[in-house]
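These are my notebook entries from a session of looking up charged side chains, backbone angles and surface residues. I wrote each entry as I went, and kept related residues together.

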Amino acid sequence: MARRVKALPGPARTKGFVETLPGIFAAINLSGGKGTTLAGRTLDKRGSGGDTNFGVILTKDKPIIIDNDIRVRKEFATGFRRITRKSPGLMLHTHHNFDHTSDNAHFHKQGAVSFGTETVRREMEREFGAGIWVSQMAGRLLEVEKFDGKIGIDPPVVTFENETTIRYGGRTLEMIAIGHCHTKSDTVIWMPEEKVLFAGDAFTYRTQPVVRIGNILNWIDTLNRLLKFPARQIIPGHGPLPPRGNKCLGEFKTYLTRLRDRTAAALRKEGTPVKAAKSVRMDEYRNWFRAPLVYVNALKMARELRGKI
């Protein structure tokens with residue numbers, strides 16, 4: 001009988017608005033895991049964790065919010081009102097996905113000015129034009145079907161290509177495009193004075209990443225770049241709040257590197273991406289949120305190794 005691999009530590013069950021440093025909040029797991037749990041097929045039996053995370057930064061002017069999701073508007077608003085009664089002044093986007101931009105119109109109506117890469121705008125327009133903007137999120141316990149055909153897109157108003165620096169209300173934020181990782185255009189938001197990094201979905205803490213339209217090989221290289229940030233606190237796009245420092249990025253890079261190496265070995269043995277993916281084991285990560293995504297991630301990795309992004 002094969003010896004069972006020792007599992008690495010699982011994630012905590014952080015939920016709600018957490019003040020990471022004075023005036024800098026991470027909104028974690030607001031729906032309690034419903035956002036990443038498929039109806040009829042539980043991705044995490046604990047029913048907790050893996051939801052999209054957001055950010056709120058208080059300033060001397062109006063607050064800044066990072067990402068949004070129309071499905072948790074009520075939960076976000078409840079936590080937000082406990083922090084401030086001011087409406088958002090700025091809204092920053094880490095990437096284009098529905099669960100990070102779908103409530104843009106709501107905040108634009110409140111007067112928020114939104115920022116994102118030009119690719120974020122193009123990808124939102126592409127998915128809406130293809131009719132998949134809402135439907136690709138269907139099937140989760142956090143329902144999206146009621147929005148299909150009833151909401152449009154509201155892309156960022158201010159766009160940039162590589163990076164931009166925002167000085168607002170006594171805060172400095174650097175939006176840095178890091179290329180094709182989780183999506184075709186991922187952006188991290190760096191606060192150099194406070195040394196806080198909002199990583200978006202370029203980093204998920206102890207949570208299996210979604211790689212459907214990603215580029216894992218490029219992602220691994222990009223994590224080397226992110227490890228150079230002298231971060232006191234990193235806010236992941238999914239998963240609980242990690243401990244202070246950037247060691248959590250190294251842990252995530254190790255996961256992706258092992259996925260690459262094990263998939264490459266399986267591909268040499270099995271010959272086809274589908275057969276290879278079925279044989280890839282990542283048992284030490286079985287306690288991470290969304291553990292059943294290993295097969296999907298290995299299949300994507302195998303196709304990348306075959307030159308099919």
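Entry 1, Asp67. I looked up Asp67 first and found that this residue of the predicted model sits in the loop between strand 4 (64–66) and helix 1 (73–83). Asp67 is buried yet has no salt bridge, and the nearest side chain of opposite charge, that of Arg71, is 12 Å away. Because a salt bridge needs a side-chain nitrogen of Lys or Arg within 4 Å of a carboxyl oxygen of Asp or Glu, I noted that the 12 Å to Arg71 does not meet the criterion. Which side chain, then, makes a polar contact with the side chain of Asp67? I found that of His100, at 2.9 Å. Leaving aside neighbours within four places in sequence, I listed the contacts of Asp67 as Phe54, Leu92, His93, Thr94 and His100.

Entry 2, Asp99. I went on to Asp99, which is found in helix 2 (residues 98–101). Asp99 is also recorded here as buried and without a salt bridge, with Arg71 as the nearest side chain of opposite charge, 5.0 Å away. The cut-off for a salt bridge is 4 Å, so the 5.0 Å to Arg71 does not count as one. I then looked for a polar partner and found Thr52, whose side chain is joined to that of Asp99 by a polar contact of 2.6 Å. Beyond four places in sequence, Asp99 is in contact with Thr52, Phe54, Asn68, Asp69, Arg71, Met137 and His238.

Entry 3, salt bridges. How many salt bridges does the structure hold? I noted 12, and looked up some of them in detail. Since Arg71 had come up in the entries above, I began with its pairing to Asp69, where the closest N and O atoms are 2.7 Å apart; both Asp69 and Arg71 are buried. I next checked Asp261 and Arg260, which form a salt bridge with the closest N and O atoms 2.9 Å apart. Asp261 is partly exposed, with a relative accessible area of 41%, and Arg260 counts as partly exposed as well, at 26%. The side chains of Asp283 and Arg281 meet in a further salt bridge of 2.9 Å, N to O. Here Asp283 counts as partly exposed because its relative accessibility is 22%, whereas Arg281 is exposed, at 54%. I also noted a network of salt bridges that links Glu123, Arg126 and Glu127.

Entry 4, positive phi. I kept in mind that most residues other than glycine have a negative phi. Against that background I looked up Arg206, where phi is near 45 degrees, a positive value in a residue other than glycine. Arg206 lies in the loop between strand 11 (196–204) and helix 5 (216–226), and is buried, with a relative accessible area of 16%. Arg290 likewise has a positive phi, of about 60 degrees, although it is not a glycine. The place of Arg290 is in the loop between helix 7 (273–279) and helix 8 (294–305); is Arg290 buried or exposed? I found that Arg290 is buried, because its relative accessible area is 4%.

Entry 5, Ser185. I located Ser185 in the loop between strand 9 (171–179) and strand 10 (186–191), and noted that this serine is buried, with a relative accessible area of 8%. The side chain of Ser185 is joined to that of Thr117 by a polar contact of 2.7 Å. Not counting residues up to four places away in sequence, Ser185 touches Thr94, His95, Thr117, Thr119, Val120 and Gly179. I also looked up the pair Ser185 and Gly214, which are 29 residues apart in sequence and 9.5 Å apart in space, C-alpha to C-alpha.

Entry 6, valines. I turned last to the surface, where Val113, Val157 and Val158 form a nonpolar patch with about 200 Å² of accessible area together. Val113 is placed in strand 6 (residues 113–117) and is partly exposed, with a relative accessible area of 33%. I also looked up Val296, which lies in helix 8 and counts as partly exposed at 45% relative accessibility. Val296 and Lys184 are 112 residues apart in sequence, and their C-alpha atoms are 18 Å apart in space.

Definitions and conventions. Residues are numbered from 1 along each chain as its sequence is written. This is a predicted model: local features need pLDDT of at least 70, side-chain atom pairs count only at pLDDT 80 or more; totals for chains, interfaces and linings use all residues. Side-chain values use heavy atoms; hydrogens and water are left out. Patches are made of residues with over 30% relative accessible area and no salt bridge: like charges are joined within 9 Å, nonpolar side chains (Val, Leu, Ile, Met, Phe, Trp, Tyr) within 5 Å. Accessible areas come from the Shrake-Rupley method with a 1.4 Å probe; for residues, only the protein chains shown count as cover. Buried means under 20% relative accessible area, exposed over 50%, partly exposed in between (1.4 Å probe, protein chains only). Lys and Arg count as positive and Asp and Glu as negative; His and the chain ends are not counted. A polar contact is a pair of N or O atoms within 3.5 Å; within protein, one must be able to donate a hydrogen and the other to accept it, and residues adjacent in sequence count only if both atoms are side-chain atoms. Contact means heavy atoms within 4.5 Å.
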